[in-house]
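Visitor: Could you take me in for a close look at one part of this structure, the surroundings of the ligand? Once we're done there, feel free to wander outwards.

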Amino acid sequence: MKFGVRDKIWITGSTGRLGSTIYRYLDPIDCEIVATDKHEVDITNLKEVATFTERLRPTVIINASGITKRNECQADPDKAYLLNAVGAKNIAIVANRFHAKIVQLSTADVFDGKATSPYKEIDEPRPRTIYGKSKFLGEQFVRDFSDHYFIVRVSRLYSRENGLVEDIISQAKSGEVRVAKDRFSSPTPAFELSKFLIGLINTNNFGTYHASCGGVCSQKEFAQEIIDFLGLDAKIKEENDPSRVDFSPFYGGIDNYFLKITKDYEFLEWKLALHEYIKKEGLNG
Ligand SMILES: NC(=O)c1ccc[n+]([C@@H]2O[C@H](COP(=O)([O-])OP(=O)(O)OC[C@H]3O[C@@H](n4cnc5c(N)ncnc54)[C@H](OP(=O)(O)O)[C@@H]3O)[C@@H](O)[C@H]2O)c1
């Protein structure tokens, strides 16, 4: 995917797990990429965001910042709403002022997690946690304050940066893998998401998208697939997820409904994407 030499992409939260993968994925020859984190630009400070944007004049802003730990959001709602909602609003305001496209990363946690089949864009959000509520408010602010937005909801991401697969392999080698029980998602390599985003920002197909690999699995099934693919000998122990604020089952599988009906983009099925990731990262050696 080619950008013009005058394209300037600003990534916020660029040292985070997703921001750093997107940064690594983008080809710096095609466009100018400017990566900042909270020490360079605090997105909760509108004045700071506006001054930076006026100087940079980005054509695209990818907002990969956020507070993502559910228990931290629950313990400090003010912080969660300030960053996940007001921060997104600040980015949306300046994006609109300087005619930049905005990519706002969101999450399956905007839904109630009670479904039995993957959530589509047409399903009604009903977040249960402060994390989900703050992310949903961030989405609404982006819709209200900007004209050229892509809101991209993703399920569970894995990458070299968050080491999710690497950690499961290392546990499996010691004979037992511990995973959270009753957690269902559409696991997606951050690299695959980045690939999709780069294509998307080259278009004017603005709107809200679900963007994850096909299918849904429990964390146990995800770990089992890694164990089987690598021919390891390990047991899996399911336990309550300490990062969750309640232990009731959470179904976070999502369906890329609009991408499917428009045939605009097809993600790999989660098992195939996982095999590809393991091979690409050399984890099968
Ligand atoms: N990872 C997933 O599975 C997943 C799934 C669905 C959606 N998402 C969404 O994707 C986005 C990125 O997630 P992630 O997993 O990459 O999170 P992450 O690793 O926690 O990265 C978030 C980044 O935002 C930075 N940040 C914090 N406060 C800031 C501020 N005031 N101004 C600017 N930057 C600030 C953080 O810096 P510090 O670390 O220094 O605080 C960090 O580098 C989030 O919006 C999240 O909701 C992620």
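Guide: Start with strand β4, which gives the most to the shell around the ligand, with 3 residues. This is a predicted model, by the way. β4 covers 101-107, and along with α1 (17-25) and α5 (130-145) it belongs to the elements that each supply at least two residues of that shell. By class, you're looking at 9 nonpolar, 10 polar and 5 charged residues around the ligand.

Now pick out the residues that come nearest: of the 24 around the ligand, these are Leu-18, Lys-38, Asp-42, Tyr-131 and Lys-135. Two of those names come back when you check polar atoms. Tyr-131 has an N or O atom in its side chain 2.7 Å from an oxygen atom of the ligand. Asp-42 puts a polar side-chain atom 2.8 Å from a ligand nitrogen. Ser-65 joins in through its backbone, where a polar atom sits 3.3 Å from an oxygen atom of the ligand. As for cover, the ligand taken alone exposes 890 Å², and the protein buries 82% of that.

Let's stay with α5 for a moment, since this helix helps to line the shell. Within α5, the side chains of Arg-143 and Glu-139 meet in a salt bridge, 3.0 Å from N to O. The two are 4 residues apart in the helix, so about one helical turn separates them. Their surroundings are worth a look too: Glu-139 counts as buried because its relative accessibility is 0%, while Arg-143, with a relative accessible area of 26%, is partly exposed.

The other helix of the shell, α1, has a salt bridge as well. Arg-24 pairs with Glu-161, their closest N and O atoms being 3.0 Å apart. This one links distant parts of the chain: Arg-24 is in helix α1, Glu-161 is in the loop between β6 (157-158) and α6, and the two are 137 residues apart. At 36% relative accessibility, Arg-24 counts as partly exposed. Glu-161 also counts as partly exposed, at 30%.

Follow that loop into α6 (residues 164-173) and you'll find Gln-171. At 16% relative accessibility it falls under the 20% cut-off, so Gln-171 counts as buried. Setting aside neighbours within four places in sequence, Gln-171 is in contact with Glu-176, Val-177 and Arg-178.

Move on to α7, residues 190-200, and burial takes over: 9 of its 11 residues are buried, so the helix is largely enclosed by the rest of the structure. Among the buried ones are Leu-193, Phe-196, Leu-197, Ile-198 and Leu-200, but also Glu-192 and Ser-194.

One last stop, back on the salt bridges. Glu-225 and Lys-271 meet through their side chains at 3.7 Å, N to O. Here too the pair links distant parts of the chain, with Glu-225 in helix α8 (residues 219-230) and Lys-271 in helix α10 (residues 270-280), 46 residues apart. Glu-225 counts as buried at 13% relative accessibility, whereas Lys-271 counts as partly exposed at 41%. Elsewhere, Lys-120, Asp-255 and Lys-260 are linked in a network of salt bridges. A search of the whole structure finds 13 salt bridges, so there are others to hunt for if you fancy it.

Methods:
Residues are numbered from 1 along each chain as its sequence is written. This is a predicted model: local features need pLDDT of at least 70, side-chain atom pairs count only at pLDDT 80 or more; totals for chains, interfaces and linings use all residues. Side-chain values use heavy atoms; hydrogens and water are left out. Buried means under 20% relative accessible area, exposed over 50%, partly exposed in between (1.4 Å probe, protein chains only). A residue is near a molecule or strand if one of its heavy atoms lies within 4 Å of it. A polar contact is a pair of N or O atoms within 3.5 Å; within protein, one must be able to donate a hydrogen and the other to accept it, and residues adjacent in sequence count only if both atoms are side-chain atoms. Accessible areas come from the Shrake-Rupley method with a 1.4 Å probe; for residues, only the protein chains shown count as cover. Ala, Val, Leu, Ile, Met, Phe, Trp, Tyr, Cys and Pro count as nonpolar, Asp, Glu, Lys and Arg as charged, and the others, Gly among them, as polar. Contact means heavy atoms within 4.5 Å. A salt bridge is a side-chain nitrogen of Lys or Arg within 4 Å of a carboxyl oxygen of Asp or Glu.
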